[in-house]
Amino acid sequence: MHAYAVTKIIQFAFPAIWVFLREGGIRPPLHGPAKPVRGGLGRGLLFSLISGLGIVAALLLSWRAILAASPAFEQAPAAVAEKVASFGIDSGAKFLILAAFYSVIHSFLEEYYWRWFVFGRLSRRLPFTAAAVVSALAFTSHHVLVVGFFLGSFGVLTFAVSLIVTAAGLLWAWLYHRTGHLAGPWLSHALADAGLMWIGYQMWRGISGG
């Protein structure tokens, strides 16, 4: 738990330190490197809301219809319970606080890191498509480890599920590029994480009785 916290602090502090040392100042992390498309933020927020809700619906439907009954996911509930226990979570109320943190705060920090910093700097040197693909694949590489932990293996299914993360990374990079603002991708990301936390809660409750 302590190693995890230290790793996260280093990860999220690095962009601010890099920008301060290399660029002589820190721009507000909500704003993108380029002027947004006219009206882009308003339309982007609407699309972000729709896309986020669409991701949640797809997650819940696939979970109920396919994943929950798949032998490949047999180890997932125990892995979720182990991870939740490492945070000292022993009640539904505490799980709700954890879910709120990941859905709201952690999703913003990931957007700040992966879209504002990684994609934002790549987009200064590469065409949009190349910058979006590279940043999305880098975003996915971390999540491969997370998915592999919960599935208990790094087989074909782990990488297949991770491709969904790649698709989300591309979507959120496009939203950031289109609007020049983190609000859109943050909203969509937060909703997606809320859906994942709800599924995690169902698995955790099934084991812990919480």
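Buried, in what follows, means under 20% relative accessible area. The model on the screen is a predicted one.

I'll start with Glu-110. This residue sits in helix H4, which covers residues 92-122. Its relative accessibility is 3%, so Glu-110 counts as buried. What does Glu-110 touch, apart from its neighbours within four places in sequence? The contacts are Lys-8, Phe-12, Arg-115, Phe-139, His-142, His-143 and His-189.

Some of those partners lead to the next helix. Phe-139, His-142 and His-143 belong to H5, and they are among the H5 residues that meet H4. From the H5 side, the list also includes Phe-128, Ala-131, Ala-132, Val-134, Ser-135 and Ala-138. On the H4 side we have Glu-110, Trp-114, Arg-115, Val-118, Phe-119 and Leu-122. Sorted by class, this contact has 10 nonpolar, 3 polar and 2 charged residues.

Now the geometry. Two packed helices are described by the angle between their axes and the distance between the axes. For H4 and H5, the axes come within 9 Å and cross at roughly 145°. That crossing is right-handed.

Last, one residue in H5 itself. Val-133 lies in this helix, which runs over residues 128-151. Is Val-133 buried, partly exposed or exposed? Its relative accessibility is 36%, and therefore Val-133 counts as partly exposed. Val-133 also has a spatial relation to Gly-169: the two are 36 residues apart in sequence, with 8.3 Å from C-alpha to C-alpha.

To go back to the start: Glu-110 is the buried residue, at 3%, and Val-133 is the partly exposed one, at 36%.

Methods
Residues numbered from 1 in each chain as written. Predicted model: local features only at pLDDT ≥ 70, side-chain atom pairs only at ≥ 80, totals over all residues. Heavy atoms only, no water. Helix = DSSP H or I, 4+ residues; strand = E, 2+ residues; numbered from the N terminus. Buried < 20%, exposed > 50% of the residue type's maximum accessible area, 1.4 Å probe, protein only. Contact = heavy atoms within 4.5 Å. Axes fitted to C-alpha atoms, helices over the stretch in contact; angles between N-to-C directions. Left-handed = near helix turned anticlockwise from the far one by under 90°. Nonpolar A, V, L, I, M, F, W, Y, C, P; charged D, E, K, R; others polar.
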